[in-house]
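Here is a short briefing on how some helices pack in one protein model. Look at the structure first, then read the points below.

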Amino acid sequence: HRFPFRNITWYTLQSGGSELDAVERGCGQCETDQCDGSVGFGGSPDEHGETTLDAMIMDGNTMEVGAVADLRRIKNAIGVARKVIQHTKHTLLVGESASLFAESMGFPCEDLTTQNSLSIYLKWLNQSCQPNYWKNVIPDASKSCGPYKQAKQLNSEEWINSQKRINIHNHDTIGDSPIAGAGAYADSTTGGAAATGDGDIMMRFLPSYQAVEYMRTGTDPSTACQKVISRIQKYVPYFFGAVICANTTGSYGAACNKVPGFTQFHFMVYSPLLNQPSEQVVDCI
């Protein structure tokens, strides 16, 4: 019997599985189901047309972290991340090293490209490779595909305008997902937090770690999330991102940065007190 990832996580716990089992199975189901169109195989391709995967899992009891980044040819990224904890002394494996490790652990090599991801890539090429994340290059990266060479430094007005051009639908959790403290963080004495959005911006502020530290000092989860978002806003007003927080008493909250096209953040809550998952919504700040 197949469960939606939000249910299979809770079902795993109710069946006697560990917290790490629940996280791995829930994320693994989301990878299989290609949640949100960007998770797992066939997700947003890179500028070479290839889909690569990131994943992280953290044990809040031991503070061990297993993570993979730029994983190629392996569909079950969260499963590989779990193996990093179980079978290595490392925290993060990247690129070909991560893929070779996965192969040695028995994960099959598969093509992560789908017709959908290929069509996304071809459409991107046909619209002059927009949006992209190059800057200070010639030819002008806002109008062409390159290849690029270094150019003069952008002035501040040009940089702000480049931030405004970011399309929130073409960039999700890229860069921060496998970084402990950025994409997610957990401490069993306090709580946990996770982030989504423009990872290239968010990883510079370690929002998940900061939110957990706010909760450690007694800040409620909603306020902790809001404080994290506000901190990033001071430096990057137009960033796309959200943070979700939960503490050890079962309280939870979330916050997001308000930009055109992204004014609310939806997330799911499930607990022993609920018969089914409940959708929650917060207004962005």
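**Helix packing**

Helices α8 and α9 cross in a right-handed way (the near helix is turned clockwise from the far one by less than a right angle; anticlockwise would be left-handed). This is a predicted model, where local features need pLDDT of at least 70, side-chain atom pairs count only at pLDDT 80 or more, and totals for chains, interfaces and linings use all residues. Residues are numbered from 1 along each chain as its sequence is written, and side-chain values use heavy atoms, with hydrogens and water left out.

**α8 and α9**
- Helix α8 spans residues 207–216 and helix α9 spans residues 221–233 (helices are DSSP runs of H or I, at least four residues, numbered from the N terminus).
- Their axes come within 9 Å and cross at roughly 135° (axes are lines fitted to C-alpha atoms over the stretch in contact, and angles run from 0 to 180 degrees between N-to-C directions).
- The pair is therefore oblique (not under 35 degrees, roughly parallel; over 145, roughly antiparallel; or 65 to 115, roughly perpendicular).
- P207, Q210, A211, Y214 and M215 of α8 meet P221, A224, K227, V228, R231 and I232 of α9 (contact means heavy atoms within 4.5 Å).

**I232 in α9**
- I232 lies in helix α9.
- I232 counts as buried because its relative accessibility is 0% (buried is under 20%, exposed over 50%, partly exposed in between, with a 1.4 Å probe and protein chains only).
- Leaving out residues up to four places away in sequence, I232 touches I201, M202, F205, P207 and F239.
- I232 and I201 are 31 residues apart in sequence, yet 8.5 Å apart in space, C-alpha to C-alpha.

How values were computed: Helix = DSSP H or I, 4+ residues; strand = E, 2+ residues; numbered from the N terminus.
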